[in-house]
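Visitor: I would like to learn how to read a structure that is new to me, one feature at a time. Could you take me through it slowly?

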Amino acid sequence: MVQGKFDIIHGWAAMKPGLKVEPWSYKPRPVGPHDVEIEIMHCGICRSDLHTIKAEWENVNYPVIAGHEIVGRVVTKGENVTRFSEGDIVGVGGQVYGCRHEECNECSRDLDPYCSKAVYALNTKYADGERSQGGYASAIRVDANYAFKIPDAIANGHLEYAPPLMCAGVGAFASMIRKGVKKGDKVGIVGIGGLGHLAIQFAHALRTEVYAFSHSPNKKQQCLDLGASHFINTSDEEDLKSVHRKLDYLFVTSTVDPSDYSKYMSWMDYNGTIVLLAAPAGNISFALRGFLFSGVSVTGSVIGGIEIIERMLDFAAEHNIRPIIERFPMEKINDALELVNSGKVRYRAVLDNPVTEN
Ligand SMILES: [Zn+2]
Ligand SMILES: [Zn+2]
């Protein structure tokens, strides 16, 4: 068993349900033969981190260190790890372990996020009983299969732009690939935030006609700059009429009032697909009519498996897809969480650790 660099990992943990995090340290699991230890340089703040620390989704074992848009440097690798060298710049997203067994119903089909043995970046139990802790911290140890080399085109001098790709980026790209989005499709993006502003860029790079939907008209120019062909102000009746039966796909990237979902049906072309990428805490409802008389489907998508994450990084590098970020030093994390929670960050908050050279 190799010795890791970090005997103790210092992070910022939520100690109870709420938005506040405080300094807290833990002793990491040993660096197993298939693991890498990563010194964290940057970590993005995803909305689902907020859902977790506030205990809005599932049971949470406190203390919990959130953060699953992680970018850093490999400092230790297990004996069997051949893919990486020490010093490699890698990203880690929402998943840090999948069984990868040939006979696994999920992993064998590149559906590893759904593997019954999957461990997510935070608040999940490993088989040995330890709990995963996330990226608002000095380091993390993960299965090397779930660390991804950041392409040079992204890493060279622009590393702070990489973290949002690891969850928001892959969430947007994977959903479009899985649902069959293709050149020329009319694609709507609802909610222009961390996920939505990346979804516009991926949809544009896939050569679709992009409709950006927002109730904030002051986001119009930015949406057009990111690649949208149309900006639809959702508070404007005329704008909404103009998209009647227009869209092949609609990606809903933010949670909205559960009673609002039915209106999406009328924007969809016959047999169009509504893809939910964000989930409100309760149930949502759709009028049955929409399904019967227009053949619209409603589906959902989460993060991607290994194959699609690698594709996403190459695609983002090739098409120069880059998030718009606001940076915060790690010790200002509580300010950053507040700003993300109140929707004031455009469009993704990224935490910076003090960088060490070796
Ligand atoms: Zn996320
Ligand atoms: Zn599996």
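Guide: What follows is a conversation about the metal site, the aromatic rings and the charged pairs of this predicted model.

Visitor: Let us begin with the metal; which residues are the protein donors of the zinc ion (ligand 1)?

Guide: To read a metal site, one looks for the protein atoms around the ion. Here the donors of the zinc ion (ligand 1) are the SG atom of Cys46, the NE2 atom of His68 and the SG atom of Cys167, lying 2.0 to 2.2 Å from the ion. Along the sequence these donor residues follow the spacing C-x21-H-x98-C. The two cysteines link distant parts of the chain, since cysteine 46 sits in the loop between strand 3 (35-45) and helix 1 (47-53), while cysteine 167 belongs to helix 3 (residues 163-178), 121 residues apart.

Visitor: Are cysteine 46 and cysteine 167 buried or exposed?

Guide: Both cysteine 46 and cysteine 167 are buried.

Visitor: How should I read a pair of aromatic rings?

Guide: Such a pair is described by how far apart the ring centres are and by the angle of the planes. In this model the count comes to ten aromatic pairs. One of them joins phenylalanine 173 and phenylalanine 315, whose arrangement is tilted, at 5.1 Å centre to centre and with 35° between the planes. This pair links distant parts of the chain, with phenylalanine 173 in helix 3 and phenylalanine 315 in helix 8 (residues 306-318), 142 residues apart. Both phenylalanine 173 and phenylalanine 315 are buried.

Visitor: What kind of aromatic pair do phenylalanine 286 and phenylalanine 291 form?

Guide: Phenylalanine 286 and phenylalanine 291 form an edge-to-face pair, with 6.1 Å centre to centre and 70° between the planes. Phenylalanine 286 has a relative accessible area of 19% and is therefore buried, the limit being under 20%, whereas phenylalanine 291, with 31%, is partly exposed. Ring pairs also join these two residues with Phe213, Tyr261, Tyr264 and Trp267 in a cluster.

Visitor: Where does the charged end of arginine 29 sit?

Guide: The charged end of arginine 29 sits over the ring of tyrosine 126, 3.6 Å from the ring centre. In another case, arginine 322 lies over the face of tyrosine 161, at 4.4 Å from the centre of that ring.

Visitor: How many salt bridges does a search of the whole structure find?

Guide: A salt bridge is read from the closest N and O atoms of two charged side chains, and a search of the whole structure finds 14 salt bridges. Among them is the one between lysine 5 and glutamate 39, with the closest N and O atoms 3.8 Å apart. Lysine 5 lies in the segment before strand 1 (9-13) and glutamate 39 in strand 3, so this pair ties together parts that are 34 residues apart in sequence. Lysine 5 is partly exposed at 41% relative accessible area, but glutamate 39, at 9%, counts as buried.

Visitor: Where in the chain do glutamate 69 and arginine 348 lie?

Guide: Glutamate 69 and arginine 348 form a salt bridge whose closest N and O atoms are 2.7 Å apart. Glutamate 69 lies in strand 4 (residues 69-77) and arginine 348 in strand 17 (residues 348-352), so the pair ties together parts that are 279 residues apart in sequence. Glutamate 69 counts as buried at 0% relative accessibility, and arginine 348 is buried with a relative accessible area of 7%. Salt bridges can also share partners, and in this way Lys5, Glu39 and Arg73 are joined into one network.

Conventions:
Residues numbered from 1 in each chain as written. Chains lettered and ligands numbered in written order. Predicted model: local features only at pLDDT ≥ 70, side-chain atom pairs only at ≥ 80, totals over all residues. Heavy atoms only, no water. Donors = N, O, S within 2.8 Å, 3.2 Å for Na, K, Ca; no water. Helix = DSSP H or I, 4+ residues; strand = E, 2+ residues; numbered from the N terminus. Buried < 20%, exposed > 50% of the residue type's maximum accessible area, 1.4 Å probe, protein only. Phe/Tyr/Trp six-rings, centres within 6.5 Å; stacked < 30°, edge-to-face > 60°. Lys NZ or Arg CZ within 6 Å of the ring centre and 35° of its normal. Salt bridge = Lys/Arg side-chain N within 4 Å of Asp/Glu carboxyl O.
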